Amino acid sequence: MNRDVPFPTPWLNSIAVITTSRADAGIYRPLLSALTNEFHGQTIGLVGGNHQSAEFGSTSGHLPQHARLQLVPVEHFVPGESPADVARTAGQAVIAFSSAIDKHQPDLVFVLGDRTEMLAAALAALIHKVPIAHLHGGDATLGAYDEQCRHAITKLSHLHFPALPEHARQIEAMGEEPWRIHVVGALALDAMRTFKPLPADALSSRLGLDVTQPTVVVAFHPETLSPVPPDQQINELLVAFDKLDINLLMIGPNADVGHAAFQTRLRHFAAARPRRACTPSLSQDEFWTCLSHAVALVGNSSAGLLEAASFRLPVVNIGDRQRGRIFPKNVIHTETNAKGIERAIAKVISPAFRSTLADLVNPYGDGRAAERILDVLKTLPDRHPLLQKGWR
């Protein structure tokens with residue numbers, strides 16, 4: 001791009017991308033790359049949530065480093081796992097993101113998904129009269145209060161970049177004007193087009209587990225709307241694993257209510273048995289490298305629905321956290337009980353099930369979301385019509 005040529009949207013001189021956890025850091029990478037390559041103005045990463053927390057793997061290092069990307073730490077995370085701790089983190093996030101937005105004065109902010117901290121950041125941007133662009137609205141996760149957070153972010157936002165037409169219809173049904181809604185696909189899949197697995201030896205050494213051997217990757221988070229207590233949720237999973245004669249790579253949970261019980265049990269389970277490893281977090285490239293060698297992904301992570309299909313990887317989705325989403329045919333569902341999980345794992349690791357995925361195409365996009373988003377940014381209306389939301 002010729003940087004002497006003004007960006008087609010004249011009022012857009014600074015864009016902030018808000019990231020609050022490892023869950024969105026990898027997804028944002030293609031967008032950040034597109035912005036630093038094509039956008040003539042300033043690109044800022046406002047880095048909040050638990051990115052700076054050692055408990056969750058100090059994941060701010062997972063964000064890309066680029067001379068034209070300014071990464072700004074936004075400190076607001078309150079350690080703890082109770083509802084009060086999570087609420088305090090969200091409350092502090094409104095204050096911290098407000099200060100960051102006030103200092104850096106972005107013309108547009110990107111928010112992603114459905115986390116409580118992301119909702120807080122969107123609220124801060126709204127109060128500062130900064131247009132908000134929302135990625136992955138219109139989706140569903142009926143087993144977690146993330147569901148309500150996502151739809152609240154949708155109503156706060158001024159531009160919508162859903163992954164699928166089904167999601168766009170949901171956003172329009174919420175009263176959002178159609179001209180604001182642009183179907184772009186799942187942004188994470190853009191990076192799949194150029195992904196190359198990392199050297200397995202070095203990754204295996206770091207994790208203490210040979211990831212090239214048959215391995216089940218586990219990504220299981222507390223189901224925040226479940227009547228089943230978190231310690232019982234994780235107990236059902238570990239009972240199912242008890243007799244499984246295969247490598248297990250267990251990744252720590254997100255900072256949801258009940259995460260401490262999950263982290264403690266996973267660490268103890270891994271330490272007490274051979275062929276088990278537990279890590280608080282993985283970078284996107286490390287995670288995808290593990291998936292490229294794995295025989296299955298087990299848990300309730302959105303990666304099982306959005307990304308695993310690109311590897312034609314069998315997935316066991318547990319419980320209701322992801323209920324309401326579109327499930328590719330590599331995913332089978334089971335309730336949160338040990339017997340059901342055990343049966344589901346036996347099914348997906350069988351050669352017969354794997355053979356049914358030979359022609360699987362990921363339904364969540366074609367890997368060109370970032371360029372579609374940039375095309376929209378180049379044709380935005382004036383700032384005031386964008387901020388002045390109507391009702392369809």
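# Close-up views of a predicted model

**Figure 1. Leu377 and the nonpolar cores.** Leaving aside neighbours within four places in sequence, Leu377 is in contact with Phe7, Thr9, Leu12, Ile15, Leu35, Leu108 and Phe110. The model shown in this and every other view is predicted. Leu377 belongs to the largest nonpolar core, which has 54 residues. Together with Leu46 and Phe110, Leu377 touches the most other members of that core. Another core lies apart from the largest one and holds 33 residues. Met192, Leu203, Leu209 and Leu306 are among the residues of this other core.

**Figure 2. The stacked pair Phe110 and Phe161.** Six aromatic pairs turn up in a search of the whole structure. One of them joins Phe110 and Phe161, with 6.1 Å from centre to centre and 25° between the planes. This pair is stacked. Phe110 sits in strand β4 (residues 108-112) and Phe161 in strand β6 (residues 159-161), so the pair ties together parts 51 residues apart in sequence. Phe110 is buried, at a relative accessible area of 0%. Phe161 is buried as well, at 1%. Phe110 also appears in Figure 1, as a contact of Leu377.

**Figure 3. The edge-to-face pair Phe195 and Phe311.** The ring centres of Phe195 and Phe311 are 6.1 Å apart, and the planes stand at 85°, so this pair is edge-to-face. Phe195 comes from the loop between α6 (188-192) and α7 (200-207). Phe311 comes from the loop between α11 and β11 (315-318). The pair thus links distant parts of the chain, 116 residues apart. Phe195 and Phe311 are both buried. Trp288 joins them: ring pairs link Phe195, Trp288 and Phe311 into a cluster.

**Figure 4. The largest cavity.** The structure holds five cavities of 30 Å³ or more. The largest has about 690 Å³ of space. Its lining counts 35 residues. Ala23, Asp24, Ile27, Ser301 and Ser302 are the lining residues nearest the centre of this cavity. Elements giving two or more residues to the lining are α1 (22-38), α4 (146-156), α10 (284-293) and α11 (303-306). The largest share, seven residues, comes from α1. By class, the lining of the largest cavity has eleven nonpolar, 14 polar and ten charged residues.

**Figure 5. The second largest cavity.** About 70 Å³ of space lies in this cavity. Its lining is made of Phe77, Val78, Gly80, Asp85, Val86, Thr89, Arg115, Thr116, Glu117 and Ala255. Helices α2 (83-104) and α3 (116-127) are the elements that give two or more residues. The most come from α2, with three. By class, the lining has four nonpolar, three polar and three charged residues.

**Figure 6. The largest pocket.** This pocket has about 290 Å³ of space. It is lined by 14 residues, with Pro30, Ser33, Asp190, Ala191 and Thr194 nearest its centre. Two or more lining residues come from each of α1, α6 and α14 (369-377). Here α1 gives the most, with six residues. Helix α1 also gives the largest share of the lining of the largest cavity. The pocket lining divides into four nonpolar, four polar and six charged residues.

**Figure 7. The second largest pocket.** About 150 Å³ of space lies in this pocket. Leu189, Met192, Arg193, Ser310, Asn362, Gly365, Asp366 and Gly367 line it. Two of the lining residues are nonpolar, four are polar and two are charged. Met192, one of the lining residues, is also a member of the core of 33 residues.

**Figure 8. Positive phi at His136 and Arg312.** Each of these residues has a positive phi without being glycine: near 70° for His136, near 50° for Arg312. His136 lies in the loop between β5 (132-135) and α4. Arg312 lies in the loop between α11 and β11, where Phe311 is also found. His136 is buried, with a relative accessible area of 9%. Arg312 is partly exposed, with 36%.

Technical notes: Residues are numbered from 1 along each chain as its sequence is written. This is a predicted model: local features need pLDDT of at least 70, side-chain atom pairs count only at pLDDT 80 or more; totals for chains, interfaces and linings use all residues. Side-chain values use heavy atoms; hydrogens and water are left out. On a 1 Å grid over the protein atoms alone, a cavity is a set of points where a 1.4 Å probe fits but cannot get out, and a pocket is an open set with protein on both sides within 12 Å along at least five of seven lines; lining residues have an atom within 4 Å of a point. Grid points are joined across faces, edges and corners, and a volume is the space filled by probe spheres set on the points. Helices (H or I, at least four residues) and strands (E, at least two) are DSSP runs, numbered from the N terminus. Ala, Val, Leu, Ile, Met, Phe, Trp, Tyr, Cys and Pro count as nonpolar, Asp, Glu, Lys and Arg as charged, and the others, Gly among them, as polar. Rings of Phe, Tyr and Trp (its six-membered ring) pair if their centres lie within 6.5 Å; planes under 30 degrees apart count as stacked, over 60 as edge-to-face and the rest as tilted. Buried means under 20% relative accessible area, exposed over 50%, partly exposed in between (1.4 Å probe, protein chains only). A nonpolar core is a set of buried Ala, Val, Leu, Ile, Met, Phe, Trp, Tyr and Cys residues joined through side-chain atoms within 4.5 Å. Contact means heavy atoms within 4.5 Å.
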